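Q: Could you take a close look at one strand of this model and set out how it is paired and what surrounds it?

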Amino acid sequence: ELVLCMLIGDGYISKEGRFTMEHSIKQDTYLFWKKQLLEHEFFVNLKPYFRAGRNTRSIYLDRKEIFLPLRNKVYKEKKKISEILKLISNKDLALAFWLFDDAATNKASIKLCICDSDENEQKYIIDWFKKNYKVHCYIRYEKHNIKNYPFLIFNELES
């Protein structure tokens, strides 16, 4: 459940069954908090790795017997948020990680990155928020570099 909740945001499972999280150095405190949660859950000591070229730090956890079956459920060509949402039971924890990992705020709204989501997945996510939190949101595309990415937008009242 913890890995699913982390996976909805910046977590990743490789084809080899390695769960990875990476955050900017500015988010070290947050990454180390997540590291402690994983260490407690899996009874391991995790070593953070600094990636100088990207100015980030990563942690890895290998549990092929757990993560490969999970990867097969939630990845198609890319990670499918809708598939993760179907599996989680702790929706509040998942939402907390998702917002901390992928959201940006301003005075009038919250925008939540759902970068690789197609239209069907976007509709599922919007419906998930309506059903579970009774909030309404909509999709807005923003161009970053040369690609348009979808973001969920929650206006001030819904935020």
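**Strand E6 and its surroundings**

A: In this predicted model, Lys111 has Ile153 of E8 as its bridge partner. That pair belongs to a longer match, in which E6 and strand E8, residues 147–155, run antiparallel and are joined by five bridges. Strand E6 itself covers residues 109–113 and is mostly covered, with four of its five residues buried.

E6 also pairs with strand E5, residues 103–105, again in the antiparallel sense, and here the pairing extends over three bridges. The connection between E5 and E6 is a hairpin of three residues, and within this pairing Leu112 of E6 has Ala103 standing opposite.

Both Ala103 and Leu112 reappear in the surroundings of Trp98, for once its neighbours within four places in sequence are left aside, Trp98 is in contact with Ala103, Leu112 and Cys113, and also with others including Ile8, Ile81, Leu85, Trp128 and Phe129. Trp98 is in turn one of the residues with the most contacts inside the largest nonpolar core, a set of 41 residues, where Phe19, Leu38, Phe129 and Leu152 are listed beside Trp98. The largest share of this core, six residues, is supplied by helix H1, residues 2–7. As a general background to such a core, nonpolar side chains in soluble globular proteins tend to be buried together.

Definitions and conventions:
Residues are numbered from 1 along each chain as its sequence is written. This is a predicted model: local features need pLDDT of at least 70, side-chain atom pairs count only at pLDDT 80 or more; totals for chains, interfaces and linings use all residues. Side-chain values use heavy atoms; hydrogens and water are left out. A nonpolar core is a set of buried Ala, Val, Leu, Ile, Met, Phe, Trp, Tyr and Cys residues joined through side-chain atoms within 4.5 Å. Buried means under 20% relative accessible area, exposed over 50%, partly exposed in between (1.4 Å probe, protein chains only). Helices (H or I, at least four residues) and strands (E, at least two) are DSSP runs, numbered from the N terminus. Contact means heavy atoms within 4.5 Å. Two strands pair if DSSP finds at least two bridges between them.
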